[in-house]
Amino acid sequence: MRDVCDRKHLIMVDQDSIPSRKWASGLTGSHGNGYSVSADDASDDIADIYNQAGDDYASYADGDPSQPFSFDGAHAYADRRVWAVLEAKLVDLRASGAKSVRLLDAGCGPGTWLRRLVVRAHALGFSSITARGFDIAQAQIQRACLAAGNLSSLPGVNLTFDVADLTDRLPEPDSSVDITLCLYSALSHLPVERLTDVSAEIARVTSGHFVTTVRPVGSTPTAFVESVENVRRLKHDHVKDRCEIDLGDGRHLAFGFHLFTAVELRSHFARHFDVEDLRGLDLFHNRFMPDARWNPVSSAHDSHVADELDRLERTYDAILEFMDRATHLLLVARGRRGLTRESSGMA
């Protein structure tokens with residue numbers, strides 16, 4: 001296996017050429033009112049925001065990075081649901097007789113989800129695992145490389161991370177990827193008018209499944225790189241698709257961010273994929289989470305409450321009115337391009 005932290009994959013990028021500056025300079029609202037956002041506005045560089053987030057971002061987003069399967073982060077319930085989907089796709093693929101698997105994580109951040117997939121694929125007995133993650137934030141790619149170092153000794157694993165832009169053409173060949181990920185609102189940072197091209201490009205390379213999560217229009221506030229208790233001021237302009245955040249440490253963040261309806265999310269990908277599932281994640285769990293700063297010690301009845309919340313989630317998470325008020329939207333889709341493994345005899 002090639003070293004995932006070699007110089008080729010950690011090349012420094014000229015900050016003036018980072019594509020997020022292009023996004024900011026061309027960003028327009030999604031509601032047809034003609035608003036635009038100038039690249040000169042404060043902190044419009046999305047890459048810089050995630051670069052400056054440092055190690056705290058991985059902990060905030062995914063929990064303890066040394067325990068990738070504990071699912072104890074801020075979005076633990078949603079994480080478990082997303083992982084159940086991804087793991088099932090891997091298991092089904094292996095059960096079909098496939099010995100090789102190709103994985104792509106678009107907007108991978110610190111690489112936690114791709115590492116989970118590689119570890120599980122290896123445990124399932126795939127003899128060849130090709131996995132690539134990319135992100136616009138250089139610092140997050142560096143962290144992904146460091147965290148993935150312990151996978152380098154696994155036989156048959158080819159894992160790489162790159163600094164790249166979601167709006168660029170993907171280097172993967174047509175119909176070559178078994179599972180493509182784009183999780184936790186990477187799509188929301190794109191100008192809405194680019195989503196048609198982005199979805200078409202993802203569909204071009206994906207022969208298997210595409211899994212994405214985004215923030216819906218009725219979701220609770222988030223600070224993206226910090227927990228919300230560290231926020232002094234948060235404002236989202238739904239007309240301009242623009243978010244501004246003042247953090248307790250004095251940082252001011254301003255960037256484009258789009259909130260999706262379930263119908264809208266489906267429409268962007270149904271043109272190129274067969275949508276297998278679309279539902280809301282975490283309708284109730286975060287609303288009932290205890291907070292050590294305020295709540296007393298958890299009672300013995302919490303397990304009953306958790307079971308009831310699970311039942312409520314499963315009852316309402318595919319109903320449109322509830323989906324748009326969930327914490328996240330989950331879309332699972334199947335690629336249409338090329339022959340399936342079953343019909344082509346790929347192994």
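## Charges over rings

The charged end of Arg 116 sits over the ring of Trp 113. From there to the ring centre is 4.3 Å. This is a predicted model.

Arg 94 is placed likewise with Phe 126: its charged end sits over the ring. Here the distance to the ring centre is 5.8 Å.

## Aromatic cluster and pairs

Trp 113 also belongs to an aromatic cluster. The other members are Phe 69, Phe 71, Trp 83 and Tyr 184.

A pair of aromatic rings is described by two values, the distance of the centres and the angle of the planes. The whole structure holds 10 aromatic pairs. One of them joins Phe 71 and Trp 83. Their ring centres lie 6.5 Å apart, with 35° between the planes. The pair is tilted. Phe 71 lies in the loop between α3 (55–62) and α4 (76–95), and Trp 83 lies in helix α4, so the pair ties together parts that are 12 residues apart in sequence. Both residues, Phe 71 and Trp 83, are buried.

Phe 269 and Phe 273 form a pair too. Their centres are 6.3 Å apart and their planes meet at 50°, so this pair is tilted. Phe 269 counts as buried because its relative accessibility is 1%, and the cut-off is under 20%. Phe 273 is buried as well, with a relative accessible area of 1%.

## His 328 and its surroundings

His 328 lies in strand β10, which covers residues 328–335. Is His 328 buried or exposed? His 328 is buried, because its relative accessible area is 2% and buried means under 20%.

The side chain of His 328 makes a polar contact with the side chain of His 75, at 3.3 Å. Leaving aside residues up to four places away in sequence, His 328 touches His 75, Ala 78, Tyr 184, Val 214, Arg 215 and Pro 216. Arg 279, Gly 280 and Leu 281 are also touched by His 328. Among these neighbours, Tyr 184 is a member of the aromatic cluster with Trp 113.

## Helix α2

How many residues of helix α2 are buried? The helix spans residues 46–53, and 6 of its 8 residues are buried, so α2 is largely enclosed by the rest of the structure. The buried residues are Ile 46, Ala 47, Ile 49, Tyr 50, Asn 51 and Ala 53.

Conventions. Residues numbered from 1 in each chain as written. Predicted model: local features only at pLDDT ≥ 70, side-chain atom pairs only at ≥ 80, totals over all residues. Heavy atoms only, no water. Phe/Tyr/Trp six-rings, centres within 6.5 Å; stacked < 30°, edge-to-face > 60°. Helix = DSSP H or I, 4+ residues; strand = E, 2+ residues; numbered from the N terminus. Buried < 20%, exposed > 50% of the residue type's maximum accessible area, 1.4 Å probe, protein only. Lys NZ or Arg CZ within 6 Å of the ring centre and 35° of its normal. Polar contact = N/O pair within 3.5 Å; in protein donor to acceptor, adjacent residues only side chain to side chain. Contact = heavy atoms within 4.5 Å.
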